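Colleague: I should be grateful for a close look at one part of this model, written so that a first-year student can follow it. Please take the helix of your choice and describe its surroundings step by step.

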Amino acid sequence: MVMEEQLKPPGPAAAAPGPPSSAGPLALGGPGHQEADLAELGRALSSGQSARSTGPGGVTSDLTLDEVLLLHSVGLEPAQVAFGVGSVSVAQGAWLWSSGEVADARQAFHQALDEAKEAVRASTRSAGGIGVVGVEVELRVSAHRVDVIVTGTAVRPFTSEDGRRHFNVNYRSPFICDLSARDFTVLTGAGWYPLELVAGACYVHAPRRSVGTAIGQAAQNVELENYTQTLYQAREAAMGQLQSQLAQAGGTGLVDAKIIDRPVHFAPHVVEFVVYGTAIKMLSERHSHPKIAVVVPLDDAVRTFEATSLRQ
Amino acid sequence: MSSPDQLNWPSAPPVAGGASPQPTAAMTAPGTSPQPFGSGLTTPDFAACLAMGLQPLRLVQGYFFGQISGWSAYSAYPLRQYPCACMETGPHSTGWLGKVSDLDSAWVTAHQTALERLLQEAAAIGAHGVVGVRTEMSHPTSETSCEVHLYGTAVALAGAPAVERPWATQLAGHKLAKLVEAGFVPGWLAYTRCTAMMAEGCYMEYYGSGGCGTGYQVQPVRDAHELARSEAIGAARQVAAGGAMYDVQMFVHESERYNATYITCSLLGSVVRRVRQAMPLATPVATLNLGR
């Protein structure tokens, strides 16, 4: 887990990316943007034979081109698709209808997630990355095991030919965040930086109603308070774990939280509540509000003729 | 190879009831063809291509339809064994992990063949590249058949020397312009995959059935997922050596057959190469869209 002291604020060279120098390349949008000469870009396509190597192994990225360019604007570039897998056993009988929390499932979830995150970090380090963006968490709970698969794109600071590094926030351990490249760019532009993917999980048995209560409610439209209370209990416990992990990571806030709230498919009397998100910390002196330009698009959707309407 | 001005354009289809229309001034302007062309481009992509000096020539395709033998589809080469751990009397079976290499190589070869055919078709009409390439892969009849269909728009660069092998990319229009603006040029499309097979055996009956309690790492499951992903990503890194594979679409498919788990991870993306150093781009402008 990335601890608070591991994150060092950007040095003087890490000022917000400004307009490129006049001798530099063309820029896309923002201050200093020069309108691209498309004809010149077309001519650049014929210079492909002089391509330089970007390293011993190829770069892989599941980011879209727009996301790659956005990361580029804050001084980062993709390194490779990074993933980690955790698969942890759950004891027999853990899901039998009882009362209270299924502690084995919670323990297995956190252990599997930790294993997956550690594998992602190892993969990121080996690629020279400082963190992982766009992380997707795949969670599978079955009767006897919990599988967690974490996949994202490892990113590394962009270093220009003069050796200048363009992203100067120092992480001692790679960060992991489920922010898209767009969200990452907006967040860092406002002075906040991601620390760690934090999570909370709780599996709680919904208590049985008494036979008398069940019979008495059979013909009524009533709230099943046992389920309502179970969900509240699961949520409170999971959010408590999340809060604890957030503090442990040194974060001052959480963004992009995702919630999984459902009955367990093979044991519907158990409510599953999982929440995960990105712990963030502000490194600037104060939050800076992005200036937002208002755009009125003129390219309304075109009404197209649908041949299927002829058959109606 | 002919220069862009001497390209062998497809002949115009006959017009019923009269001669073919004469080209107008707009049609003969620089960047447009004196003859009809075919393309799969949207109108904005078409306009951006013309502005970049890319002349659309024709919709080109590469197609491959093949059979995958039952042996290839199901046979795995063992890599690792998991000895019995159930500590119980009775018959025991060994769990193992392997790669279904023949199946993977069949699909990769199918994709490469279709891509080569697409590029050959583009090269034959003097194209420098193919933009907006779309890929369709399916089992049209059963799991023992494979179909790969690539199609895109062949383009020629005005004034550029002829090339033996055109480039190909999934991008077109302004997205292609942005790629080049960031210092990259398109290379080709790459497809890699790996199928891992895990036969459970006694090991999984013990560790995967909860008999050992909570908190034990279920190694075969983890190994199978890691094998499929790491091999597919590793192959992609090899394919894109010296460059980068962007816009990767990663698919993971899992199925159960004959008491074994098959996990397939495949990656499809555009290989690009850097041709010039690009400094970090300027700060993007945040916008609020009032149109929605």
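Modeller: The account below begins with one helix and then follows its neighbours outward. Please keep in mind that the model is predicted.

The helix chosen is H2 of chain A, residues 65-73. Is this helix mostly covered or mostly open? H2(A) is mostly covered, for eight of its nine residues are buried. The buried residues are Leu65(A), Glu67(A), Val68(A), Leu69(A), Leu70(A), Leu71(A), His72(A) and Ser73(A). Just after the helix comes Gly75(A), whose phi is positive, at about 90°.

What do the buried residues of H2(A) pack against? In chain A they pack against strand S3 (76-89), S6 and H4. In chain B they pack against H4 and strand S8 (244-257). Each of several neighbours may now be taken in turn.

The neighbour H4 of chain A spans residues 181-189 and packs on a sheet, where it touches strand S9 (192-205), S10 and S11 of chain A. The direction of H4(A) makes about 120° with that of S9(A). The sheet is open and has four strands in the order S4-S9-S11-S10, with antiparallel pairing. Which strands stand at its edges? They are S4 (100-101) and S10 (253-264) of chain A; each has a single partner strand, so one side of each is left without a neighbour in the sheet. In general, the strands of a sheet pair through backbone hydrogen bonds, either parallel or antiparallel. Here S10(A) and strand S11 (residues 267-282) of chain A run antiparallel and are joined by 10 bridges. Within this pair, Lys258(A) has Tyr276(A) of S11(A) as its bridge partner. A further helix, H6 (residues 225-248) of chain A, lies across S4, S9, S10 and S11 of chain A and runs at about 150° to S9(A).

The neighbour S6 of chain A covers residues 145-157, and the loop between S6 and strand S7 (170-171) of chain A contains Asp162(A). Asp162(A) is exposed, because 7 other C-beta atoms lie within 10 Å, and a residue counts as exposed with 12 or fewer. The C-alpha atoms of Asp162(A) and Glu138(A) are separated by 41 Å, although these residues are 24 apart along the chain.

We turn now to the neighbours in chain B. S8(B) pairs with strand S2 (residues 59-60) of chain A in the parallel sense, over two bridges. The bridge partner of Thr60(A) in S8(B) is Met245(B). S8(B) also pairs with strand S9 (residues 260-274) of chain B, in the antiparallel sense and over 12 bridges. In that pairing, Tyr246(B) has Ser270(B) of S9(B) as its bridge partner. The hairpin of S8(B) and S9(B) has two residues between the strands, and Tyr258(B) takes a positive phi near 50° in this hairpin.

The other neighbour in chain B is helix H4 (residues 173-181), which packs with helix H1 (residues 43-51) of chain B at an angle of about 40°, the axes being 7 Å apart. H1(B) and H4(B) are therefore oblique to each other. From H1(B), the contact is made by Pro44(B), Asp45(B), Ala48(B) and Cys49(B), and from H4(B) by Gly173(B), His174(B) and Ala177(B). By class, this contact of H1(B) with H4(B) has four nonpolar, two polar and one charged residues.

Conventions
Residues numbered from 1 in each chain as written. Chains lettered and ligands numbered in written order. Predicted model: local features only at pLDDT ≥ 70, side-chain atom pairs only at ≥ 80, totals over all residues. Axes fitted to C-alpha atoms, helices over the stretch in contact; angles between N-to-C directions. Parallel < 35°, antiparallel > 145°, perpendicular 65-115°, else oblique. Contact = placed C-beta atoms within 7 Å. Nonpolar A, V, L, I, M, F, W, Y, C, P; charged D, E, K, R; others polar. Pairing = 2+ DSSP bridges. Buried ≥ 20, exposed ≤ 12 C-beta atoms within 10 Å, placed from the backbone.
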